[in-house]
Amino acid sequence: MSELRIGTHTILPGQRTKIALPVAKLYTDADVSLPVYIIRGKREGPTIFVSAAVHGDELNGIEIVHRIINMKRFKVIRGTVIFVPMVNVHGVIHQSRYLPDRRDLNRSFPGSPKGSLAARVANIFKTEIIDKCQYGIDLHTGAIHRTNLPQIRANVEDEVTAQLANAFGAPVVLHSEEIDGSLRDCAANSNTKVLVYEGGEALRFDETSIRMGTRGVIRVLRHLNMVSKSRRLRDVPEPVIARGSQWVRGSASGIVKHRYQLGDYVKKGDQLATISSAYGEELAVILAPRTGVIIGKQNIPLVQEGEAMYHIAYFHEDEQTIAQQIDMLSEDVASREIKEGM
Ligand SMILES: [Zn+2]
């Protein structure tokens, strides 16, 4: 079985180990390192990474990784899983989406060893992790004060990636092209198939998103025959692929009264929210531009003109049924703690 080397460490088949990959020090002279947790099965199989906090304030993925690592019955039989719970470790320290040099790590790939701080972190992640993996799952949340409905973003025109997206079982799959400089773009150039999972909001734990994410990662590992299939996984409805999405923006600045929630079905022309002045006078009504399902939402009841308020996805299928399915799936996940070993 092939040798796996990460940094100065060699990880053997059947081994479970954690390593700290050094990255740029703090100016207090304190060392900084990327925490990496590796589980290798005894048998030959694929290598996959599960990464979180590429945006340093997106914390749900850290908890998803913790839950999987700590499942007593979680056993990798074939291949290798490389967990990187905090990729943007400097951002996590500062509770910030960005690096201290104000760059977005997810626009800094593939990076370079002599570039900016973001470029250096990106380059370490690329050479030490991405280049050694055939697959990857990158865990994200909405930006600060925005919540995303649990969803997969992936290039579903690639057949293998589409199968992984399906296996994950998130309620919604949004087809999206790779964005230049993103981790997913860098991985695609190395022929590593990557899913991005989005769920919840920055700087908060969202239990439903964490449970759906935990279950999704395990389902992908099962799909790749890396973990035991002795227990039957509950069937989840086939995820629906959105044919497009758009952000609805504030048409005035003021105080917001939201009328709809995440996962809601909205018809074209429905009143999504009203915006009032400081005196309570109605300044604007925000209407749904098309029929669809709300997959992202601003949380603060204050808006500046032009600011993104609702993210609405459109589907080929009947959107009302999709919204009902999302509701059922959310209730199902909320009602059951994920059993160890799935
Ligand atoms: Zn993110």
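Two strands are taken to pair if DSSP finds at least two bridges between them, and it is in this sense that Val172 of the pair formed by strand S9 and strand S11 stands opposite Val240 in S11. The structure is a predicted model, and its domain assignment gives domain 1, covering residues 4-223, and domain 2, covering residues 243-334. The points below take up strand pairing, the salt bridges, helix H6, the buried residue Asn60 and the contact between the two domains.

**Strand pairing**

- Strands of a sheet pair through backbone hydrogen bonds, and the pairing may be either parallel or antiparallel.
- The parallel sense is seen between strand S9 (residues 172-175) and strand S11 (residues 240-249), which are joined over 3 bridges, with Val172 placed opposite Val240 of S11.
- S11 also pairs with strand S18 (residues 308-315), and here the two run antiparallel and are joined by 7 bridges; within this pairing, Gln246 has Ile312 in S18 as its bridge partner.
- An open sheet is built from 4 strands in the order S15-S14-S12-S17, and its pairing is antiparallel; its edges are formed by strand S15 (282-287) and strand S17 (302-303), each of which pairs on one side only.
- Within that order, strand S14 (residues 271-276) is joined to S15 by 5 bridges, the two strands running antiparallel, and Ile275 stands opposite Ala284 in S15.

**Salt bridges and the network around Arg67**

- The count of salt bridges comes to 13, where the cut-off is a side-chain nitrogen of Lys or Arg within 4 Å of a carboxyl oxygen of Asp or Glu.
- One of these pairs is Asp29 with Lys25, whose closest N and O atoms are 2.9 Å apart; Asp29 is exposed, with a relative accessible area of 53%, whereas Lys25, at 46%, is partly exposed.
- Glu63 and Arg67 form another salt bridge, with an N to O distance of 2.8 Å, and both residues lie in helix H1 (residues 60-69), where they are 4 residues apart, about one turn of the helix.
- Glu63 is buried, because its relative accessible area is 16% and the limit for that class is under 20%; Arg67, at 24% relative accessibility, counts as partly exposed.
- Arg67 also forms a salt bridge with Glu207, and in this pair the closest N and O atoms are 3.0 Å apart. Because Arg67 lies in helix H1 and Glu207 in helix H6 (residues 207-223), the pair ties together parts that are 140 residues apart in sequence.
- Glu207 has a relative accessibility of 33% and therefore counts as partly exposed, and a network of salt bridges links Glu63, Arg67, Glu207 and Arg211.

**Helix H6**

- The 17 residues of H6 should span 24 Å at 1.5 Å a residue, and the end C-alpha atoms of the helix are 24 Å apart, which agrees with that expectation.
- Of the 17 residues of H6, 14 are buried, so the helix is largely enclosed by the rest of the structure.
- H6 is followed by Asn225, a residue whose phi is positive, near 60°.

**Asn60, a buried residue of H1**

- Asn60 has its place in helix H1, and at 1% relative accessibility it counts as buried.
- When residues up to four places away in sequence are not counted, Asn60 touches Thr141, Gly199, Gly200, Glu201, Arg204, Phe205, Asp206, Ser209 and Ile210.

**Contact between the two domains**

- The centres of domain 1 and domain 2, taken over C-alpha atoms, are separated by 29 Å, and the contact takes 16 residues from domain 1 and 23 residues from domain 2.
- Between them, domain 1 and domain 2 bury about 1,600 Å², with 62% of this area on carbon and sulfur atoms.
- The rule finds 2 salt bridges across the interface of domain 1 and domain 2.
- Asp332 forms a salt bridge with Arg215, with 3.6 Å between the closest N and O atoms.

Definitions and conventions: Residues numbered from 1 in each chain as written. Predicted model: local features only at pLDDT ≥ 70, side-chain atom pairs only at ≥ 80, totals over all residues. Heavy atoms only, no water. Buried < 20%, exposed > 50% of the residue type's maximum accessible area, 1.4 Å probe, protein only. Expected span 1.5 Å × (residues − 1). Domains from an automatic or database assignment. Contact = heavy atoms within 4.5 Å. Buried area = accessible area lost by both parts, 1.4 Å probe.
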